[in-house]
Each structure stands twice: as C-alpha cells, then as structure tokens.
Number of protein chains: 4
Amino acid sequence: MLRVLVNGADGRMGSQVVKAVYEDKELEIVGGVSISNIGRDIGELAGVGVLNIPVRADLGAVLEDIKPDVVVDFTAPKAIFDNAKTCISHGVDIVVGTTGLTEEQRVELGNMAVEHRVSIFIAPNFSIGAVLMMKLSAEVAPYLPDVEIIELHHNNKLDAPSGTAIMTADKIDAARKIAGAQQAQDKTHESLEGARGAKVDDIPIHSVRLPGYVAHQQVLFGGYGELLTIRHDSIDRKSFMPGVILAVKKVSSRPGLTFGLENYL
Amino acid sequence: MLRVLVNGADGRMGSQVVKAVYEDKELEIVGGVSISNIGRDIGELAGVGVLNIPVRADLGAVLEDIKPDVVVDFTAPKAIFDNAKTCISHGVDIVVGTTGLTEEQRVELGNMAVEHRVSIFIAPNFSIGAVLMMKLSAEVAPYLPDVEIIELHHNNKLDAPSGTAIMTADKIDAARKIAGAQQAQDKTHESLEGARGAKVDDIPIHSVRLPGYVAHQQVLFGGYGELLTIRHDSIDRKSFMPGVILAVKKVSSRPGLTFGLENYL
Amino acid sequence: MLRVLVNGADGRMGSQVVKAVYEDKELEIVGGVSISNIGRDIGELAGVGVLNIPVRADLGAVLEDIKPDVVVDFTAPKAIFDNAKTCISHGVDIVVGTTGLTEEQRVELGNMAVEHRVSIFIAPNFSIGAVLMMKLSAEVAPYLPDVEIIELHHNNKLDAPSGTAIMTADKIDAARKIAGAQQAQDKTHESLEGARGAKVDDIPIHSVRLPGYVAHQQVLFGGYGELLTIRHDSIDRKSFMPGVILAVKKVSSRPGLTFGLENYL
Amino acid sequence: MLRVLVNGADGRMGSQVVKAVYEDKELEIVGGVSISNIGRDIGELAGVGVLNIPVRADLGAVLEDIKPDVVVDFTAPKAIFDNAKTCISHGVDIVVGTTGLTEEQRVELGNMAVEHRVSIFIAPNFSIGAVLMMKLSAEVAPYLPDVEIIELHHNNKLDAPSGTAIMTADKIDAARKIAGAQQAQDKTHESLEGARGAKVDDIPIHSVRLPGYVAHQQVLFGGYGELLTIRHDSIDRKSFMPGVILAVKKVSSRPGLTFGLENYL
C-alpha cells in the first residue's frame, strides 16, 4: 500500500483528495499538512469520520516523522515551488495539483528530482476524460485533418476560448503536421464577423456561454461523407479525483519531472 | 382528389414534385409545363414510368385546357412573377417554390389574389423540420431567453451565417421581446476575436463548415441548472417534398397571399 | 407584490423556495411553517441572512395571522392533503410541490377549491425545460409521427424507463392520434432482445444508466431526409425553482384545480 | 505511382473505386475487369470521361498483360475466393472489398499469400471514421469501463443491433478486461422490458430505427462526474473510398494476410 500525505488537506480540493485516498484500496492516507485548521482531524474535515490524523503545519518535520511514499499538493501558487523542493530534498515523490509554476521553476524542479532520484508530476488538467479527449483528437487528426472545436461553459466563465480548447487545437495541429495531412481550403465568407469562430492554428474554435452548462467540449472531425465527433462533459469538480489517484499510483514509475496526465494513459 | 399541375416539371425540384404528387393518394398529377423537354412525358422525366402527360410550353393555354386545382411552380426567379399572375387571372391556386420575388411583387400578387378569390402560397423554406425548429424556438424563448445558435454545413457553403440561422434568431428575439423576457448579461471577454460568434439581435451564431455535413442547426437554450436544445438535421434535398405536398393540400384554405410554411402547422 | 408563505420552509426544497421567493422582485416572503426548526429564522435556514421570520408550527394559525396570497407546500406525501384543505378553507391559493396525492384526493381538492373560489396548482414536474420538452414534442408529433425516446440518467436511478419518458410518449401518441398521423411500419428484427428498447404506445424508449449523467432526455423525430431532435438536460435540482416561481405568479389566474406546469406556458 | 486494376469495375462500388483511384495523384488506374459491360470504357462508366480502358472479362489474362501493382476487388461473395487466388498466383497484391469469405478461406489465402510473397488485405468496414471510432473506444475503455452504445439507422435496416455496434462492444470489453478495469454494478430494474437495451459482453446496445437517419453510432463512456462520448456519422456510401485508397497504398507494407483497416491507422 502506497502511503500518501496531503498538503493543503483542509482545502476544497485537498479534502476531496483525503477522501479519495481514504476510499482507495491500494492507498493509505497517512498525514495532512496545512497552514490553517491545525490540530483538527483530516478525516473529519473530509467528511469521512475521525481518522486520528491531525492537520500539522510544518511539511519538512512531518515528512521526517511519517515518511510517506507520495505527497499530493493542492496548496497555493506561491507556496508550491518551496513545497516541491522540500519533498524532493526529503526523497519523497510528489504530485502537484496547484497551478502557477513557471517554465523555469519546472526545469529547476526536474533537475533537482533527477539528482535526488525522485519523481515529480505536474498536470494542467486532472480530468481523465478531458485528457483522453485531447489524446484521441491528436490520433484522429492525421486521418481527418478538417476539424473545428465547440466549447460550452456556464455564463460566468469570463474568458473565451477556454484553455482546454486552445490546448486541444495545438495538439491536433501538431499531429496533422507531423503526418503531413492536408486540410481542405476554407472558402467561406463571413457576412457577419465572428461567425466562423476564433482561429487557433487555423482551427476554428466556437465558445458558447450559457447558464446551465458546466464545462463541455466537442471536437468535430469532418471527412468524405462522414463525421467523427469526440465530446467531453464535465459536470462536477469531483471529476478530477480519478486523475489524482492515477497520478499517485503512477508517479514513481517515471523518475524526474513528468508533465501532463497523458503520460500515464 | 386535388388536381395538380407542375410548372418547371422537368427541373431538378419540379420532377421530384411530379413524383411526390403522383405517389400521394389524395392528389392527382394532371399536367406539366416547361420551356424545355417539350413533348416528353413528365412521368418518365420523374422516373415513375409513363403517365401519358407530355410537357407543354404555354402555361395559360394549359390552364384553360386542364383546369387544375393547384399549380406548383419551381421555375426561375425571373419567370415566377408572370407565372403567378397567369395562375391568379385564371382563378387557379398557386404554390410558389421559386425564390426571388420582391416585397413589392408579393404585395401586388397578394392584392390580385384577393381580387380574384384565389390563394397564393410562398415559402422561403419547405422543410417541415426546419420550419418547426424555428416555430418551437420562438415558443421556448419567453421562458428561456438565453440562447445561442450553432449551424453546421458542408465546406462548400460559401456564406456564414446561414439564412436559416439569422431567421431563427430574428424569430426568437421577437418572441422574447414580446414576452418581456430578460436575458442574462454576457460578461465574457474574447481573448481571441470571433470566439463568441456573430451576433444577430444579440444572439451568438456559430457557423461550422466541414466536409461530411449537409445542413444542420442546433438552437441551445440555457436555464437555471438546465438546458433545452432543438436540433434539425437535413440530409437530403428530398426533405422539401412533404412541405410542398402540405402546401398543395392547404393552400385553398387561406385566400389571398400566405408567406411561410409555419402558417399551415 | 404577492405575499408568499412556505410550508416545509426548513426542508431541502422548501429552503430553496424561500431563497427564490426572497430574490424575486415581484414576490414577498412573509412566513414559514414546519414541524421542525420551530423558532429559527427562515432566512438563515435558507442562507440569505436574517429575515426576522421565525419558523412556526401551526399552519392554520399562521394563515389567520399573516394572510398570505399564496402558500407553497413542499412537505410530505402524508401531510399534503390536510395542508391543502387548510389553505383552501382559509381562502388562500396553494402551489403543491409534494407528490403523493391520489386521483380521488385531487378531485376532492378541486371541488373544494371551486366552492371556496380558491386556486390550487399541482405539478408532477416543476422543470420548465422538461415541461417545454413534452409540450414541443406533442406539437411536432402530427408532422413527424415517427419518434423514439432516449433518456439518460446516473447509474443510481433504479427504475427504467423514467416517468418523464413514459409521460412524453403518452403525450406524443395522443397528439399524433388526434391528428390522424400515420407512422412508418417497424420491420426491424431484434437479433438480440432489447435492442429496440421498451415500447410505450408503440414508441421505443431507450434507457441509459451511467455514472456522470444527471437527468437527460432526447426525443428523436425522423422524417423524409430530415431529423428533428429535442433534448433536455437537467444538471441541478435548483432547475425546479423557476417553475415554482412561475406557478406562484400564475396560480390565481385559474380558479379551481390546475394540474401540470404546461397550463401556464 | 502505384498501378491499380479494379475487378468489378462497372459495379456500384467498383466504379466509385475507379473514380477515386483516377483522382488520386499517387495512383494510376490501369485496368478494369467485369463479367458485364465488356468493352465499355471504365472511365465513362465511372463518370470521369473516356480513359481508353475497356472493361475486360478474363482476370488472369489481364493480370499477365497489364501487370498491375494492386487489384481492388468489389465483385461478388461467390467470386472473391477464386479472384484472390488468381491475383496471388500472379504475384499481385489484392485489396478485398467484397465480404463473404469464410474463416477457412481467409486462412488458406493467407498461407498462399505468404508462400507467394504477396499481400492480401480484407476489411469488414472501409469507413476510416467507423474504424477510428472502434479503435478510440478500445483505448478509452480501460480508464472509463462503464459504457453504453447507441446506434441509429434508417428504418429500412432490418436487423438490430448493427454489426458495427456488436464489434465495438467486443473490442471495448476485450480492452477493459486486459486492463483489469472494473465497471460499476448495474442495479437498474426494467419496469418495461427492453428499456436497458440488448447486452453484448455486458454492454447495453440501443438501436434506433427512424426515417431520416443513414448510419450513426455513439459510444457513451460514463465516469466520476464526467462523460466522454465518441460519435460517428456516415452520411454517404462514398465515405468508404478514403479507406479503400488507404488500403491500396499500404497493402504492400504487410506481406501475407491483413484483416481490418485498423492495422493501417
């Protein structure tokens, strides 16, 4: 059984990780760290009953005491770089759920991890479905290079297009370029501006913003008399948990830094 | 049995009308007129076998001979105005499938029809499904005023957005204005231009153009924790025939000019 | 402003009604009744802050004190019949959200309401989207009588098909029968039993049960070279609130008993 | 340039292959064989204009004369076995589009092909989109083992479920078994028989048969708060051509017998 410590154990995501680790038969929850709720039981905070594991404040000290196999970190952008260094220097594998590391910081952590023979995993998206959608889309692109993306979110999402849509377009375009696939020429004239969407790598992205949606994306591939469509619907934040658990189980298999859940699929 | 004459009987649409009238139990095909294929059998041209009805050239003369109940006209934009006047002056109801009449010409034909106690029907779209989609959308709008439209066509359609999408948006907006329904404010920022589509009456329209599609449209209504979507798929030009047949059967019920298949639904 | 009292004000649905009434500009929340949480503030229970309206226990006494215009009742199946009679005898309109009344009880309440010149409203489904889906489906049926239903729910829903799917099929079949519309003959042979779904009024219903879904339904109409599809997605229980508010505002417009939200659309 | 001969060149599929080969820049159409239309020009039959290539009757003689690189065979089930042997014994690669070979015959042809250092390719489905749908579904299955299939066809398709749906279920189940993935228990009770579809490898398949559909399939994967859906729409028989062309180009790369287009993707 892998022994797991959660950093940020009392947070919105962290407490869900505590719960998910607790409920997994191959994992054991052994510790929780945070800057708040010190002394409170992490099981109670996660709603799974008393685990007799109090929240503690000092990550380094806890690592020395408990010696977990893996740390899952869902803390804050400004804390994550130091947290990761602490884990690596203690020889503990780490799964980073917090975003905000710069390219430079990632390189530094990667080098440090190699040096200490430790594994560090970072992901921009822990939804297995979303990561699969991107992976499958890149596989289809060489055969059906004509593609458009529709992403649909609630009307409180302020930006458009979504980061996932842009990332999907990038992966599709890279794949069809490597394969040398030729898309059809777009001869359409917009009689009203914006009708044909935003273009990322020449791939139109259409952003719908309506109450009632959560987070959804369709990738539409058009072919000769046929269509192939890949659709992902995310209804709930809990959809990230299976990806976190997968990363916890796989992290030790790839020493050094690994970026993106697709490396484990 | 209604006795039907087809003007433009040897054309792409006209020969389908001959076939559809021939196959309908409540209708009888009694004549065909055209400027080409004079003397050829309209049944043979339509692929339903010999009907012993030769194509004739002079609409007025044929009307006097045959005295049909209804004329269906799928000829050419420049011919349709005179054709319609000929039918009306002979006291014969007419279903106009040809587009291209001006507002002024429609008014003149309407007045003339009232005077002669004749019915004339004109439709921009004979697909029952498309007309229902627009009608239903207008019904939903007062209750779910937050709406976007996605229309998807083959990549040889040169304009975007489609006429049907614009017409749908107009009908939705009229309906929600009459009801005094308030849509949510759109606070989204486009980080890439075009992501939020083209706006018609403040309704975003997204136009997809890909090989493999024929003619499709989705109307997406977003509500409080729920979504209502109306989708129309047109796979084949033959989808217009049921609408033509419906118009033939209903035209006499509304003297004067009627515009739009929705009046018969 | 309509003055509204909520019976069951501290319950899961009732407290959402308190919130929804409180947030509506045309309504005023004036009282709350329950058998639990007596004395606690209904605003605090609903998470909208102190309203200085304590939960009280005796519906009849509260009605005499407060004289609300409308009572919304989300209590329990066995309480609802007596609650409704109490409201009617006090001359107060009532919106019933609790299911469980028998046909007989509904008739009795209807007669009593007519006698007291009071309005009572009962609905099996308060989702405006779901009710619209059924209404629109019945409108389409005369023109496109060939139809199938796919309903998709989470895998914890134990019964199949859903009540909404059955109700939709009933309404579609009634509408196409009245119109005398003929559906195509189903000549398909099931090489594996169940492939063609369950049949309600000769309409196939297909029930999908998978984790990730909440409550969704598609009504598929097939025509000559075209398809019309109506889809409803319910993501959240809060989707019932707009329907409740609509009923509160409309209830007085139809004296006696009204059954089904479609009567207000 | 690969030199291609079409057997069954005057048939519905064969003449489309002539056209597709003729229009491909990397392929040259060099001959046509059939038992009918002898002496007529294969280009004229395919609607691409005169190619000065007459239909000939004797496959063996033509192979010796013309020495093509690849033969594409769209003839008849009872002819295909002998045709394939003729090609192999002449040392010519063959792409078989005709179905109807038994397992035994395939083994015999495979052995013969190895002996003669020739490649033979056989596919149950030449639609690249359909083959990708099955391939992607098998990739998703280990991560999201809870799955259902909806296939939708025109109402003239007499069997249900479709062969493609059954094949998809088989591939999904094999993939999730290899991965040891556990699906959720299905606890649903059918109050009406058939609601939960037909079961293939414990995967529910729902078959819709309605006018307006051509050939469509959705594979629905349900996860923890998320859904992944793969959809294939085939609108036209011409959708098989890109798969045939792909096979023609790739056939020589795999000596012996190859079964299924997925081997080239």
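Helices and strands are taken here as DSSP runs, of at least four residues for helices and at least two for strands, and are numbered from the N terminus. The structure is a predicted model, and the elements named below follow that assignment. In chain D, N37(D) is placed in the loop that joins β2 (27-33) to α2 (42-46), and the phi angle of N37(D) is near 55 degrees, a positive value in a residue that is not glycine. Most residues other than glycine have a negative phi, and most peptide bonds are trans. Departures from the second of these tendencies occur in two further chains. In chain A, the peptide bond that runs from A160(A) to P161(A) is cis, with omega near 0 degrees, and P161(A) is found in the loop between β8 and α7 (163-178) of chain A. In chain C, a cis peptide bond, again with omega near 0 degrees, links A160(C) to P161(C), where P161(C) belongs to the loop between β8 (159-160) and α7 (163-179) of that chain.

Two domain annotations are available for chain A. The first, "domain: Dihydrodipicolinate reductase N-terminal", is listed by UniProt in an unreviewed entry for residues 3-126 of chain A; in the model, this span is 41% helix and 21% strand, and its end C-alpha atoms lie 20 Å apart. The second, "domain: Dihydrodipicolinate reductase C-terminal", likewise comes from an unreviewed UniProt entry and covers residues 129-265 of chain A. For residues 129-265 the helix content is 28% and the strand content 31%, with the end C-alpha atoms 11 Å apart. Within the span assigned by UniProt to the N-terminal domain, residues 3-126, helix α5 (residues 103-115) of chain A contains both R106(A) and E103(A), which are 3 residues apart, or about one turn of the helix. R106(A) and E103(A) form a salt bridge in which the closest N and O atoms are 3.1 Å apart. Over all chains, the salt bridges counted by the rule come to 60.

The contact between chain A and chain B was examined next. Chain A can be laid on chain B, with an RMSD of 0.1 Å, by a turn of 180 degrees and a shift of 0.1 Å along the axis, which is the relation of a two-fold axis. The same surface serves both copies, in that 100% of the contact residues of chain A recur in chain B. Among the residues of chain A, the one that comes closest to the rotation axis is G194(A), whose C-alpha atom is at 1.9 Å. The contact takes 43 residues from chain A and 43 residues from chain B, and the two chains bury about 3,200 Å² between them, with 60% of that area on carbon and sulfur atoms. The count of salt bridges between chain A and chain B is 0, whereas 18 residue pairs are found in polar contact across this interface. On the side of chain A that touches chain B, the elements that give two or more residues are β7 (146-153), β8 (159-160), β9 (189-190), β10 (198-200), β11 (203-209), β12 (215-222) and β13 (226-234) of chain A. By class, that side of chain A has 19 nonpolar, 13 polar and 11 charged residues.

Chain B also meets chain C. A turn of 180 degrees with a shift of 0.1 Å along the axis lays chain B on chain C, with an RMSD of 0.1 Å; here too the same surface serves both copies, as 100% of the contact residues of chain B recur in chain C. Of the residues of chain B, I230(B) comes closest to the rotation axis, at 2.3 Å for its C-alpha atom. In this interface 31 residues of chain B are in contact with 31 residues of chain C, and the buried area is about 2,600 Å², to which carbon and sulfur atoms give 63%. Y143(B), Y224(B) and E226(B) together supply 25% of the area that chain B buries against chain C, more than any other three residues. Between chain B and chain C the count is 2 salt bridges, including the one in which the side chains of E139(B) and K135(C) meet at 3.2 Å, N to O, and 16 residue pairs are in polar contact across the interface. The side of chain B that touches chain C receives two or more residues from each of α6 (128-140), β13 (226-234) and α8 (241-250) of chain B, and by class it has 17 nonpolar, 7 polar and 7 charged residues.

Note on methods. Residues numbered from 1 in each chain as written. Chains lettered and ligands numbered in written order. Predicted model: local features only at pLDDT ≥ 70, side-chain atom pairs only at ≥ 80, totals over all residues. Heavy atoms only, no water. Least-squares fit on C-alpha atoms with pLDDT ≥ 70 in both. Contact = heavy atoms within 4.5 Å. UniProt positions renumbered as here; feature names shortened; annotations may be inferred. Buried area = accessible area lost by both parts, 1.4 Å probe. Salt bridge = Lys/Arg side-chain N within 4 Å of Asp/Glu carboxyl O. Polar contact = N/O pair within 3.5 Å; in protein donor to acceptor, adjacent residues only side chain to side chain. Nonpolar A, V, L, I, M, F, W, Y, C, P; charged D, E, K, R; others polar.
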